[in-house]
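Me: I would like to go through this model label by label, asking each time what the label rests on. Please set each value against its definition before concluding.

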Amino acid sequence: EERRKLLLERESEKEEARMQVVRLQAERVMQESKLQESKAKLDDKDELIKAKDVQIKDKDAQIKDAIKAVQQVQDVSLERSKEVTKEREALLHDLQGSKD
């Protein structure tokens, strides 16, 4: 009788241990699923960051191009201003010469 009781107790403990293993395995599967979901979200965020980085680089390139264009216009304007000043001085010189 005592032995039978011990055997039943052990079987009960074994069953409890099996149930615990099943619960732990189920928890592990859930945790792995959450981990995969988190990884997917991080991958999505990484892709968004990369896309934003490309957009920023494109905008930087556009800004640099615009700055170059403005600089070229300023250079042309300065050259034209110098030419006009030279022409004016030449005309003034000619006028001075014709007065004399």
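**Labels and their grounds**

Me: Why is Glu83 called partly exposed?

Reply: Glu83 has a relative accessibility of 40%, and the label covers what lies between buried (under 20% relative accessible area) and exposed (over 50%), with a 1.4 Å probe and protein chains only, so Glu83 counts as partly exposed. This is a predicted model, in which local features need pLDDT of at least 70 and side-chain atom pairs count only at pLDDT 80 or more, while totals for chains, interfaces and linings use all residues. Residues are numbered from 1 along each chain as its sequence is written, and side-chain values use heavy atoms, with hydrogens and water left out.

Me: What makes the contact of Glu83 with Arg80 a salt bridge?

Reply: The term asks for a side-chain nitrogen of Lys or Arg within 4 Å of a carboxyl oxygen of Asp or Glu, and the side chains of Glu83 and Arg80 meet at 3.3 Å, N to O, so the pair qualifies as a salt bridge. Side chains of opposite charge can pair when their charged atoms come close. Arg80, at 42% relative accessibility, is partly exposed too. Both residues lie in helix H1, 3 residues apart, which is about one turn of the helix, and Arg80, Glu83 and Glu87 are linked in a network of salt bridges.

Me: How do you know that Glu79 and Lys82 form a salt bridge?

Reply: The closest N and O atoms of Glu79 and Lys82 are 3.9 Å apart, a value that still falls within the cut-off, so the pair is counted. Glu79 and Lys82 both belong to helix H1 and sit 3 residues apart, about one turn of the helix. Glu79 has a relative accessible area of 42%, which makes it partly exposed, and Lys82, with 43%, is partly exposed as well.

Me: What makes Arg18 and Glu15 a salt-bridged pair?

Reply: Their closest N and O atoms are 3.1 Å apart, which satisfies the distance criterion, so a salt bridge is assigned. Arg18 and Glu15 lie in helix H1 with a separation of 3 residues, about one turn of the helix. Arg18 is partly exposed at 44% relative accessibility, and Glu15 is partly exposed at 39%. The structure holds 8 salt bridges in total.

Me: Why is Glu16 called exposed?

Reply: Glu16 has a relative accessible area of 55%, which passes the limit for exposed residues, so the label applies. Glu16 lies in helix H1, which runs over residues 2–99; helices are DSSP runs (H or I, at least four residues) and strands likewise (E, at least two), numbered from the N terminus.

Me: What makes the group of Glu1, Glu2, Glu9, Glu13 and Glu16 a patch of negative charge?

Reply: Those five residues gather on the surface, and a charge patch joins like charges within 9 Å, taken from residues with over 30% relative accessible area and no salt bridge. Glu16 shows how the area condition is met, because its 55% is over that threshold. In the whole chain there are 23 positive and 25 negative side chains, with the centres of the two sets 4 Å apart; Lys and Arg count as positive and Asp and Glu as negative, with His and the chain ends not counted.

Me: How do you know that the protein chain is not a compact globule?

Reply: The globule rule is 2.2 Å times the number of residues to the power 0.38, with the radius of gyration taken over C-alpha atoms. For 100 residues the rule gives a value near 13 Å, but the protein chain has 43 Å, so the chain departs from the globule value. The C-alpha trace spans about 145 × 15 × 5 Å along its principal axes, and the protein chain has 1 helix and 0 strands. Buried residues make up 0% of the 100 residues. Ser38 and Thr85, 47 residues apart along the chain, have their C-alpha atoms separated by 69 Å, while Gln55 and Gln20, 35 residues apart in sequence, are 52 Å apart in space, C-alpha to C-alpha.

Note on methods. Patches are made of residues with over 30% relative accessible area and no salt bridge: like charges are joined within 9 Å, nonpolar side chains (Val, Leu, Ile, Met, Phe, Trp, Tyr) within 5 Å. Accessible areas come from the Shrake-Rupley method with a 1.4 Å probe; for residues, only the protein chains shown count as cover. The place of a charge is taken as NZ of Lys, CZ of Arg, CG of Asp or CD of Glu.
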